Amino acid sequence: MPYRTYLATLLLIALGATAMPSLAQEQTPSCVLPVEPAYDGSRASLDQIAGDNRCMQDMHEGMAAVMLLADTGAVFADKAIADGLPGHRWGYIDAQGQLAITPQYEDARPFHQGLAAVRENGLWGYIDKRGQWVLAPQWAQAGDFSAAGIAVVQADGRPLLIDTRGQPVTPPGLGRSIAHIELDHGKPARAIIDYRREYLSPSGVRRYVDGKQRVLARLGDDGDNAENGGPFYIATVDGERQGLLDASWRWAVRPTYDDIEAALPGGMGAARKGNDWYLVDGRTGEIGSQRYEHLESLRDAFWLALPAAEADDSARRNGDYQLLNAKGEVLLASLPERELSNLTFQGNMLAYRTEDTLTLYQPGQTEPLTLPAAGLQMDNYEDYLLLRDEDGTLSAIVTPAGAVQKIAPEDPLSQARQFDFQAGRLWLFSAQQTLLNSLDDQGRRLLNDRARETLANSSYRLLTLNVENAPLAILTTGYCQCEEGGAGLLLSDGRAVRHPDWQEVVLLHDDEDLESLPGADALRFAAISENGVVMLDAQGNPLKMEPLQHISHFRHGHALGYAKGIAYLLTPDGERRTLPDYFDVRIVGPDHLAVVMDAAEGSLWGLDGISATQAQVAPQFLEIGEFDGGLAPARSAAGALGLIDGQGQWAVAPEYDEIKRHASGYWILRSKTGNSTFSYEWPSVVASSAGKILTPPLRSLNIEAYDNGYAKAGNSDESWVVGPDGSAFAAGAAQISLIGDWLEVQRDAQAGALDSQGQWVVAPAPVFLSQARDQRLLRRAPEGSELLDAAGKRIARLDDSDWEWLPGSPYLTGRGYDDEREAVTRFADASGKVIATVKGHALGFDGERVLSRAREGGYRWQDKTGKPVGGNHHVLGMLHDGLAGAMGPDGRYAGYVDSQGVYRIAPLYLAVSPFQNGRAVASTVQASYLLDTAGRPLAWVAAECGARILRNATGKAIWPVDQDLSYCD
């Protein structure tokens, strides 16, 4: 076909005419894959001008994949359709437009590093430019090889990195948690990693799910239910339908329900299919057969249910609701809709009030309490329901456990006007703040008449101990220490134990020690008199021991005593052991004493054992803290803090300025930097209970602990998930939630860079990382942008502009503002040196021309001084081989302009690639063309009678060689 005729044909195509039969237009897919344009001026690539070429792919390394008719006899029987065309396969042409590899592949990708990924019989492998298999087809997916010589393939449903020999390369950290890896073509190769949704158990078991699969909630909370296959978990596979997984994460109930709600504590859940609701057993996972039109949980303790109307059930046809307990048992069989407003919560109890009756339903109880409602006023205090007569007199108290304490008018409790709640008990006081009594949750009055009389005639301090049968109060001798009878204890049975010689009685336990006591019998007190200090048991009985001058609080099961210059170690039984002549001693662990031997200034601390088996540790520490989990913070003689074990060995080297034990059990170790006096601003690391460092140093470190032993440690920019098994991984801004006892983690995508051996030169992190260009990488982190070399080392720090390195631009682009707050764009070379600055926000730079968005719309070039070069274009790219892709004013058709913005190849195409070594690919709906820089077609693929045919510059059919269109009507 003469070139002039070819141009005329293209013009007809652009105007909507065609030389092809209508059958081809109807049956053959377009040669252009549309791409949604960016109307806001943002561009993923400066070379993306219009759509993507489809019948002939962009040329790479002198080869372009083409879609051609492979076997006319298989047109209507082809089971491996390529690009939706039966009988068609992919082959390759060279830079001269000659067919280099015959069409034989179901799918094909461009050549990179001399290899192209192609698919045969559903599997991907790699061929060379002769069409010979270098790596046989064996993978479900395969990507391009990067300049670093590695590629991503999919094996057994998981992404895998391979080298050009097909051997796996395994960078650290790429395990089962990886969902997808996107590898670019540079060297080093940038890798963008997407993570699967991950679930972590307290024992360290990890499970992963893909796509929209997700575990939503644990069904019930009443133990493991191992005998029933539980615990069960609500889960979805598509984000819509839900089912139940058993303890092995197999489907116990297939995901066919629209919604499943977690079970109420110790009871039932709910499942909905369409408009019908069903109760679900939280222990067995079984779904009941009773249908409900409405099922609503009330305060996680009750169900309000509207049974579905059945043909033979007149009560349900009346539309009456039912009140069910958490287990689904009926508490109130018929509740008309008009009376729903009579249901109110009082504390944790559900009250149903009619004109004559007050019915109280307690969580977990099957039988309600029924009280007369006439003139009754209700109030609640910490889940205790207070019932008063019309005149406000207290007439009854209903405890959280459902016990009813009735109060007669002559009962002193009827005068209660003030209340306090401590240690699980309700304390009642008169208007004059006289203590009247105390009730536990079973409704028992803890103060008998004798106890109340004692308190009424004594000074006292209430002991709000949440320990069964513990003493109720310490009796004092008043502020003047002159009240008769002496100090003592008021016991739980109301007896007062006191002695006229006792000046004061003190509790020998702090809050931390109280938490570890097995019961009331383990409580110890100290009675102080002029004769010294003796220890009392929980009943106020003095233990057999000589009086001491001082007794400390109990720590780790022991206390310290002192008398006449001698220190003693005391047991709860009053036994004492004489300690060596320490200058100072502290109990720091179950079997450890921290000791100082002499009074000299700067004397060091050592360790001594409580038991005979614990060896001594020589003095070598300026400070020793409390042992917790086998480790204790200690300050070295040089003044730095670390963690030591029971033998005094450093488990964590002394190089920190502050160490704290977090409530979750992890250690926080901080290092002071700069002038900040606030330690939370210092760089800090997290260590496990065994002393393993789990995170890098992070400022403003915060720990969020979860009930299964895991924790999230980090700040607003970076976070890590740390586990009780000593595991840790960077989580970025991961979404984390607790599902039963499993921790759900959905990590953000991370970017890193790999060398030719598949090792990280830039470790993956949740920050922006550009594609490699001239063996350089741009990394943009919260602390600023920096330029890295091929080894991942920083070679330049960039200013605070918004830096990027778009494909198609040889220079870095930084959009920011000057000192006058005017918009400017800076361009930097591969060393990070700024070589040009222009006003406004531009996109790209080739050393001579700046590509920017025009104010009046579209794109244009300008020189380094800001002078316009050429006119505006709807879309404009960067120069390659002296030509740049450009889209005409109609915003649809694209061609190529020269360095002055003049069209050298007319805008007749719907897709254009950048020129590479004098060749480009451009497409219309009907055909894809291989063009030289003069716009001449060297070859093209066009649809003829439903088939794609390859022709050369003269119009001669190259493939099929013996053209047979006998199947064409």
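Is D210 buried, exposed or partly exposed? In this predicted model, D210 is partly exposed, its relative accessible area being 27%. The value falls between the cut-offs of 20% for buried and 50% for exposed residues, and therefore the intermediate class applies. The side chain of D210 meets that of R196 in a salt bridge, with an N to O distance of 2.8 Å. R196, in contrast to its partner, counts as buried, at 9% relative accessibility. The two residues are 14 apart in the chain, and both are found in loops: D210 between β17 (206–209) and β18 (214–218), R196 between β15 (189–195) and β16 (197–200).

Across the whole structure, the search returned 35 salt bridges. Another of these pairs is formed by R670 and E658, whose closest N and O atoms are 3.1 Å apart. Here the partners are located in strands, R670 in β59 (residues 667–670) and E658 in β58 (residues 658–661), and 12 residues separate them in sequence. R670 is buried at 9% relative accessibility, and E658 is buried as well, with a relative accessible area of 17%. A further salt bridge joins E944 to R951, with 2.6 Å between the closest N and O atoms. Both of these residues are buried. In addition, D510, E512, R555 and E626 belong to one network, joined by salt bridges that share partners.

Nonpolar side chains were examined next. In soluble globular proteins, such side chains tend to be buried together. The largest nonpolar core in the model comprises 20 residues. Within this core, the residues with the most contacts are L465, V505, L523, F525 and L536. Three strands each supply two or more residues to the core, namely β44 (504–507), β45 (525–529) and β46 (532–536). A second core, separate from this one, has 19 residues, among them A50, V912, A922 and A927.

The surroundings of F525 illustrate the packing in the largest core. When residues up to four places away in sequence are not counted, F525 touches L463, P471 and L489, along with V505, V506, L507 and L508. The same residue also touches V534, M535, L536, D537 and A538. Two of these partners, V505 and L536, are themselves listed with F525 as residues with the most contacts inside the core.

One disulfide was found in the whole structure. A disulfide is a covalent bond between the sulfur atoms of two cysteines. The bond is formed by C31 and C55, with their sulfur atoms 1.9 Å apart. C31 lies in the loop between α2 (22–27) and β1 (32–33), and C55 in the loop between β2 (52–53) and β3 (63–69), so that the pair ties together parts 24 residues apart in sequence. The torsion about the S-S bond is about -85 degrees, and the disulfide is therefore left-handed. Both cysteines are buried: the relative accessibility of C31 is 1%, and that of C55 is 0%.

Aromatic rings form 17 pairs in the structure. In one of them, F302 and F345 are 6.1 Å apart, centre to centre, and the angle of 45 degrees between their planes makes the pair tilted. F302 belongs to strand β26 (residues 302–307) and F345 to strand β29 (residues 343–346), so the pair ties together parts 43 residues apart in sequence. F302 is buried, at 0% relative accessibility, whereas F345 is partly exposed, with a relative accessible area of 22%. Elsewhere, Y199, Y233, W249 and W742 make up one aromatic cluster.

Charged side chains were also found over aromatic rings. K273 lies over the face of Y257, 4.4 Å from the ring centre. R586 is placed likewise over the face of W605, at 5.2 Å from the ring centre.

A final position considered is A632, located in strand β55 (residues 632–636). This alanine is buried, with a relative accessible area of 0%. Leaving aside residues up to four places away in sequence, A632 touches G625, E626, F627, G642, L643 and I644. One of these contacts, E626, takes part in the salt-bridge network with D510, E512 and R555. A632 and P810 are 178 residues apart in sequence, and their C-alpha atoms are 56 Å apart in space.

Notes:
Residues numbered from 1 in each chain as written. Predicted model: local features only at pLDDT ≥ 70, side-chain atom pairs only at ≥ 80, totals over all residues. Heavy atoms only, no water. Core = buried A, V, L, I, M, F, W, Y, C linked by side-chain atoms within 4.5 Å. Buried < 20%, exposed > 50% of the residue type's maximum accessible area, 1.4 Å probe, protein only. Helix = DSSP H or I, 4+ residues; strand = E, 2+ residues; numbered from the N terminus. Contact = heavy atoms within 4.5 Å. Salt bridge = Lys/Arg side-chain N within 4 Å of Asp/Glu carboxyl O. Disulfide = S-S within 2.5 Å. Phe/Tyr/Trp six-rings, centres within 6.5 Å; stacked < 30°, edge-to-face > 60°. Lys NZ or Arg CZ within 6 Å of the ring centre and 35° of its normal.
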